[in-house]
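Visitor: I would like to go through this structure slowly, asking at each step what makes a label apply. Could we begin once it is on display?

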Amino acid sequence: MTALTFTLKAELEQRIDVSPLTPDRLADKSASEIGAELLQYGNRQIRADELFSIEGQGSDRLIFRGSRKLDYIGKGMSQGEIRVEGDAGSYLGMHLKGGRIIVSGNVDAYAACEMKKGEILIRGNAGDFLGAALPGNKKGMAGGVVIVKGNVGDRVGDHLRRGAILIEGNAGNYLGSRMTAGTIAVLGEVGAHLGYAMNRGTVLLARTPASIPATFNDCGTHTLGFIPLLLKGFQGLETRFSEMSDTLKRVRRYAGDMCGLGKGEILVAL
Amino acid sequence: MNINGVQIDATFAEAFPMRATRVIITAQNLKWAYHAAQAMTGFATSVIACGCEAGIERELDPSETPDGRPGISALIFAMGGKTLAKQVETRAGQCVLTSPTSALFAGIHEGDKIPLGKNLRFFGDGFQISKRINGKRYWRVPVMDGEFLCEDTTCTVKAVGGGNFLILAESQPQALAACEAAIEAMKKIPNVIMPFPGGVVRSGSKVGSKYKALSASTNDAFCPTLKGQTRTDLSPEIESVMEIVIDGLTDDDIKKAMRVGIEAACSLGAENGIRRISAGNYGGKLGPFLFHLQEIMA
């Protein structure tokens with residue numbers, strides 16, 4: 001069965017909310033019903049088939065031929081797969097409850113925000129507040145795995161509660177700020193104010209950062225048994241971290257943020 | 001039935017339902033995994049007074065363990081889920097948590113959940129860390145040698161306890177040699193343990209006693225020194241009887257273990273003094289599972 005493919009007919013003038021176009025919400029709908037789905041486009045609503053040429057059938061696999069103005073892709077979906085060919089806008093995979101989203105390009109801010117379960121793979125870069133809580137909320141991503149092959153912006157994992165964010169490029173400032181639990185792992189460089197106001201959780205760094213915040217205390221070097229277990233857990237996912245279970249075991253552990261609860265940790269691979 | 005000159009009695013072993021779980025203990029090397037596993041499965045020969053029956057099932061290659069270190073799988077059996085949960089928790093806390101470099105994982109993932117590290121985590125005094133990996137929760141408890149890694153829960157399943165057979169020989173050394181051969185063969189069967197010391201019990205019991213306080217007492221019909229004193233089940237040439245008790249996850253597992261064990265014992269044959277194989281038949285008083293020796297060996 002071919003995937004249900006949404007291709008933009010023209011360049012978008014406004015941002016568009018495509019959250020009605022998920023496998024859950026399109027299940028059992030006919031082609032005409034899908035075309036008649038109303039999408040919020042700027043300050044008005046518009047039929048899906050006015051903006052997209054819609055090809056293919058079924059609703060388990062969707063493909064968006066992307067644009068940076070497509071917001072809320074896969075919002076709240078619980079099963080199936082969405083592929084984005086090109087870039088995606090903001091709030092990709094927000095409130096995701098299951099299934100898989102794969103983006104070949106870059107995504108904007110708040111991807112995977114308040115996500116509960118499932119998998120998001122971003123082959124390009126991700127913007128600020130990846131896996132974070134929405135503004136004013138206190139519970140960020142609470143499960144699942146987010147893999148970013150490129151770089152990420154600032155405040156990634158803000159209020160993270162559970163789940164893993166695996167970044168293969170560099171991370172911006174305030175990585176893991178206000179984390180409650182969960183895991184963030186970074187292969188590249190990290191910016192300033194790492195783990196700012198972090199309560200619990202783990203930030204695992206493959207490279208030694210330029211500096212460790214003064215509010216994190218050195219707990220020494222250790223061989224931690226949970227790291228291979230954690231990394232083995234990513235086997236089957238498209239991430240370089242899964243290949244490191246035999247090599248990444250020994251770390252220097254920093255506990256903090258001592259200005260807060262102080263039970264978070266930054267683990268720096270040795 | 002006769003195998004290699006050894007008579008197989010037309011009788012059956014009686015077994016009873018139990019609850020069981022499997023745990024996986026890993027450590028820096030096999031030596032320390034064994035230390036933890038032996039401690040955890042110690043004093044667990046019979047539910048009569050130990051609370052549970054436990055034993056080492058087999059060694060695990062690093063490729064088979066969750067954390068990629070050498071390990072041991074152990075099976076623990078008890079009469080009910082609550083008793084099993086209590087036994088698992090106290091044994092994990094006193095024997096595995098305390099053992100250097102150890103980590104503890106569930107070996108059965110379907111069934112009724114019981115705590116493994118769920119409550120042991122409080123030993124961490126607030127410094128414990130939870131990690132959820134592939135849908136399973138693990139606890140990292142800080143201890144003096146580093147961290148104790150423990151899965152949150154393990155699962156219990158229905159199981160069968162008390163499968164057995166008796167080896168009747170012309171002398172004590174010959175009975176023991178046959179038991180050792182049987183245990184060596186039975187250790188290769190998965191899902192079973194032989195919970196007594198070295199897998200062998202020399203004090204087989206019957207149900208009941210002349211003393212009201214006791215629920216079990218010596219199996220006088222198979223005691224060679226009482227041949228002239230009680231209603232014996234032994235012929236004059238039998239000088240020693242030893243029993244192998246088997247607990248298994250299913251009755252099929254017990255049957256497989258009994259078969260290879262009896263085969264190994266019989267391979268020594270009558271020329272080595274092995275004369276009969278019998279079983280603990282309590283006339284239906286002990287449990288609903290009946291293992292007919294001649295059917296198993298057919």
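Guide: This is a predicted model, and we can start in chain A, where 4 strands form an open sheet in the order 4-3-2-7 with mixed pairing.

Visitor: What makes strand 4 and strand 7 of chain A stand at the edges?

Guide: Strand 4 (44–47) and strand 7 (70–71) of chain A each have a single partner strand, so one side of each is left without a neighbour in the sheet.

Visitor: How do you know that strand 2 and strand 7 of chain A pair?

Guide: Pairing requires at least two bridges between two strands, and strand 2 (residues 16–17) of chain A is joined to strand 7 of chain A over 2 bridges, in the parallel sense. One bridge partnership there is that of Asp17(A) with Asp71(A), the latter lying in strand 7 of chain A.

Visitor: Turning to chain B, why is its radius of gyration said to agree with that of a compact globule?

Guide: For 298 residues the globule rule gives a radius of gyration near 19 Å, and chain B has 21 Å, which agrees. The C-alpha trace of chain B spans about 65 × 40 × 30 Å along its principal axes, and the chain holds 5 helices and 17 strands. Buried residues account for 46% of its 298 residues, where buried requires 20 or more other C-beta atoms within 10 Å of a residue's own.

Visitor: How do you know that helix 4 of chain B has the span expected of a helix?

Guide: Helix 4 (residues 251–268) of chain B has 18 residues, which at 1.5 Å a residue should span 26 Å, and its end C-alpha atoms are 26 Å apart, so the two values agree. Among the buried residues of this helix are Ile254(B), Met258(B), Ile262(B) and Leu268(B). Just after helix 4 of chain B, Gly269(B) takes a positive phi of about 75°.

Visitor: Why is strand 10 of chain B called largely enclosed?

Guide: Of the 6 residues of strand 10 of chain B, 5 are buried, so the strand is largely enclosed by the rest of the structure.

Visitor: Which strands pair with strand 10 of chain B, and in what sense do they run?

Guide: Strand 6 (residues 103–106) of chain B runs parallel to strand 10 of chain B and is joined to it by 2 bridges, with Leu104(B) opposite Cys150(B). Strand 9 of chain B runs antiparallel to strand 10 of chain B, with 6 bridges between them, and Pro142(B) stands opposite Glu147(B). A hairpin through 2 residues connects strand 9 of chain B to strand 10 of chain B.

Visitor: How many residues does each chain give to the contact between chain A and chain B?

Guide: Chain B gives 14 residues and chain A gives 11 residues. On the side of chain B that touches chain A, two or more residues come from each of strand 8 (129–133), strand 9 (136–143) and strand 10 (146–151) of chain B, and the largest share, 4 residues, comes from strand 8 of chain B. That side of chain B divides into 5 nonpolar, 4 polar and 5 charged residues.

Visitor: Which residues have the most contacts inside the largest nonpolar core?

Guide: They are Ile25(B), Ile76(B) and Ile167(B), in a core of 165 residues. Beyond its neighbours within four places in sequence, Ile76(B) is in contact with residues including Ala20(B), Val23(B), Cys52(B) and Leu84(B).

Terms used: Residues are numbered from 1 along each chain as its sequence is written. Chains are lettered from A and ligands numbered from 1 in the order in which they are written. This is a predicted model: local features need pLDDT of at least 70, side-chain atom pairs count only at pLDDT 80 or more; totals for chains, interfaces and linings use all residues. The radius of gyration is taken over C-alpha atoms; the globule rule is 2.2 Å times the number of residues to the power 0.38. A residue is buried if 20 or more other C-beta atoms lie within 10 Å of its own, exposed if 12 or fewer, and partly exposed in between; C-beta atoms are placed from the backbone. The expected span of a helix is 1.5 Å times one less than its number of residues. Two residues are in contact if their C-beta atoms, placed from the backbone, lie within 7 Å. Ala, Val, Leu, Ile, Met, Phe, Trp, Tyr, Cys and Pro count as nonpolar, Asp, Glu, Lys and Arg as charged, and the others, Gly among them, as polar. A nonpolar core is a set of buried Ala, Val, Leu, Ile, Met, Phe, Trp, Tyr and Cys residues joined through C-beta atoms within 7 Å.
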